[in-house]
Amino acid sequence: MYGFSVTVTDKFDDAITRVTEELQKEGFGVLTEIDVKATLKKKLDIDKRPYTILGACNPGLANQAIDAEPDIGLLLPCNVLVREEENGSVTVAFMDPAAVLQLVNRPEVEALAGQVKEKLERVRDALK
């Protein structure tokens, strides 16, 4: 599996705020915020439920990963997806860095991926 998730009872915008706050507690900043719903409406005139991708980065761990493998930026940042379901609930899904970064096939990167995964799992658990 390439990700893990949690369903929250927050409203969509509140979920994004809470996810961002919990990410910060684990040393992550949000580098990018892609509003897929707005983009699809603007580019294709398609209406979708709220769907936002947050690009989360822990600078210290990212720096270590870049030092270990300069091309690692192709696999960064860690994506966190916030999407509204048909029933109004909100799902927060996290990219599994251990699954993705195993592509690099370097022990030092795998160890960092494990640390990042633990942090993201703590964020997920804090949202429950």
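Strands β1 and β5 pair in the antiparallel sense over six bridges. Two strands count as paired if DSSP finds at least two bridges between them. Helices (H or I, at least four residues) and strands (E, at least two) are DSSP runs, numbered from the N terminus. V8 of β1 stands opposite V90 in β5.

This is a predicted model: local features need pLDDT of at least 70, side-chain atom pairs count only at pLDDT 80 or more, and totals for chains, interfaces and linings use all residues. Residues are numbered from 1 along each chain as its sequence is written, and side-chain values use heavy atoms, with hydrogens and water left out.

**The sheet**

Five strands form an open sheet in the order β1-β5-β4-β3-β2, with antiparallel pairing. Its edge strands are β1 (3-8) and β2 (29-35), each pairing on one side only. From one strand to the next, the twist averages 20 degrees. Strand β4 (residues 78-84) is joined to strand β5 (residues 90-95) by five bridges, and the two run antiparallel. There, L81 has A93 of β5 as its bridge partner.

Two helices pack on this sheet. Helix α1 (residues 12-25) touches β1, β2, β3 (51-57), β4 and β5, and its direction makes about 155 degrees with that of β4. Helix α2 (residues 36-44) touches β2 and β3, and its direction makes about 35 degrees with that of β2. Contact means heavy atoms within 4.5 Å. Axes are lines fitted to C-alpha atoms, for helices over the stretch in contact, and angles run from 0 to 180 degrees between N-to-C directions.

Which residues of β1 lie on its covered face? They are F4, V6 and V8, while G3, S5 and T7 make up the uncovered face.

**An aromatic pair**

The structure holds one aromatic pair. The rings of F4 and F94 have centres 5.5 Å apart and planes at 15 degrees, so the pair is stacked. Rings of Phe, Tyr and Trp (its six-membered ring) pair if their centres lie within 6.5 Å; planes under 30 degrees apart count as stacked, over 60 as edge-to-face and the rest as tilted. F4 sits in strand β1 and F94 in strand β5, so the pair ties together parts that are 90 residues apart in sequence. Both F4 and F94 are buried. Buried means under 20% relative accessible area, exposed over 50%, partly exposed in between (1.4 Å probe, protein chains only).

**Helices α1 and α5**

Start with α1. At 1.5 Å a residue, its 14 residues should span 20 Å, and the end C-alpha atoms of α1 are 20 Å apart, which agrees. The expected span is 1.5 Å times one less than the number of residues. The buried residues of α1 are F12, A15, I16, V19, E22 and L23. They cover an arc of only 135 degrees around the axis, which puts them on the same side of α1. The arc is that of the directions from the helix axis to the C-beta atoms. These buried residues pack against β1, β2, β3, β4, β5 and α5. The face of α1 turned away from its buried side carries the exposed residues D13, Q24 and K25. After α1 comes G27, with a positive phi near 90 degrees.

Helix α5 (residues 107-127) has 21 residues and reaches 31 Å from its first C-alpha to its last, close to the 30 Å expected at 1.5 Å a residue. Its buried residues are V109, L112, A113, V116, K119, L120, V123, R124 and L127. They cover an arc of only 145 degrees around the axis, which puts them on the same side of α5. What covers them includes β1, α1, α3 (59-68), β4, β5 and α4 (97-101).

E108 also lies in helix α5. E108 is partly exposed, at 35% relative accessible area. Its C-alpha atom is separated by 34 Å from that of V36, 72 residues apart along the chain.

**Backbone exceptions**

Most residues other than glycine have a negative phi, and most peptide bonds are trans. Two residues other than glycine have a positive phi here:

| Residue | Phi | Loop | Relative accessible area |
|---|---|---|---|
| D45 | near 55 degrees | between α2 and β3 | 55%, exposed |
| N105 | near 60 degrees | between α4 and α5 | 62%, exposed |

A cis peptide bond joins L76 and P77, with omega about -5 degrees. P77 lies in the loop between α3 and β4.
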